[in-house]
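Visitor: Could you take me closely through a single part of this model, one helix and whatever lies around it? I would like one connected account rather than a list.

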Amino acid sequence: MQLSPVYFVYLIGMKKYQVTIQFEMRDDFMELIPSHRTYINHLINKDVIEQYAVSMETQKVWITLNAENKNGIDAILKKSPLYKFWTV
């Protein structure tokens with residue numbers, strides 16, 4: 001697959017961040033999973049998220065993201081429907 005120069009330059013300016021999230025699972029949490037999954041899939045398709053792993057047993061999420069800085073990471077995470085259940 002060949003990348004266009006504009007896309008390639010966009011990726012060079014990005015840094016990789018590993019985020020570990022602890023979450024609290026409740027009934028209202030479960031209701032938001034489909035919309036959260038849609039958001040995560042969107043970010044994966046845009047190459048914002050490189051890796052996404054969830055452990056329901058330990059109630060943790062590990063995400064590898066591309067962003068310019070930590071404020072960019074915060075902005076991305078806050079848009080998740082599940083954000084209110086997370087401790088980052």
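Guide: In this predicted model, the N-terminal end of helix H4 is capped by Asn69, which places a side-chain oxygen 3.1 Å from the backbone nitrogen of Asn71. Asn71 is itself exposed, as is Lys78, and both are found on the other side of H4 from its buried residues. Those buried residues, within a helix that covers residues 70–78, are Ile73, Ile76 and Leu77. They lie on the same side of H4, because the arc they cover around the axis is only 95°.

The cover over this buried side of H4 includes two helix and strand neighbours that come earlier in the numbering, strand E1 (15–23) and helix H3 (33–45), together with strand E3 (60–67) and strand E4 (86–87). Each of H3 and E3 deserves a look in turn.

In H3, the residues that are buried are His36, Tyr39, Ile40 and Leu43. Viewed down the axis of H3, these fall within an arc of 95°, so they line one face of the helix. Pro34, Thr38 and Asn45, by contrast, are exposed on the other side of H3. The contact is described from this helix as well, since H4 is included in what covers the buried residues of H3, along with E4 and strand E2 (49–55). As for the length of H3, its 13 residues should span 18 Å at 1.5 Å a residue, and the C-alpha atoms at its ends are 18 Å apart, which agrees. After H3 comes Asp47, which has a positive phi, near 60°.

Turning to E3, this strand is mostly covered, with six of its eight residues buried. E3 pairs with E1 through eight bridges, and the two strands run antiparallel; in this pairing, Lys15 has Ala67 of E3 as its bridge partner. E3 is also joined to E2, again in an antiparallel arrangement, by six bridges, and here Val54 is partnered by Val61 of E3. E2 and E3 form a hairpin that has four residues between the strands, and in its turn Gln59 has a positive phi of about 55°.

To return to H4, then, the picture is of a helix with Ile73, Ile76 and Leu77 buried, under a cover that includes E1, H3, E3 and E4, while Asn71 and Lys78 are exposed on the other side.

Terms used
Residues numbered from 1 in each chain as written. Predicted model: local features only at pLDDT ≥ 70, side-chain atom pairs only at ≥ 80, totals over all residues. Heavy atoms only, no water. Buried < 20%, exposed > 50% of the residue type's maximum accessible area, 1.4 Å probe, protein only. Arc of directions from axis to C-beta. Contact = heavy atoms within 4.5 Å. Polar contact = N/O pair within 3.5 Å; in protein donor to acceptor, adjacent residues only side chain to side chain. Expected span 1.5 Å × (residues − 1). Pairing = 2+ DSSP bridges.
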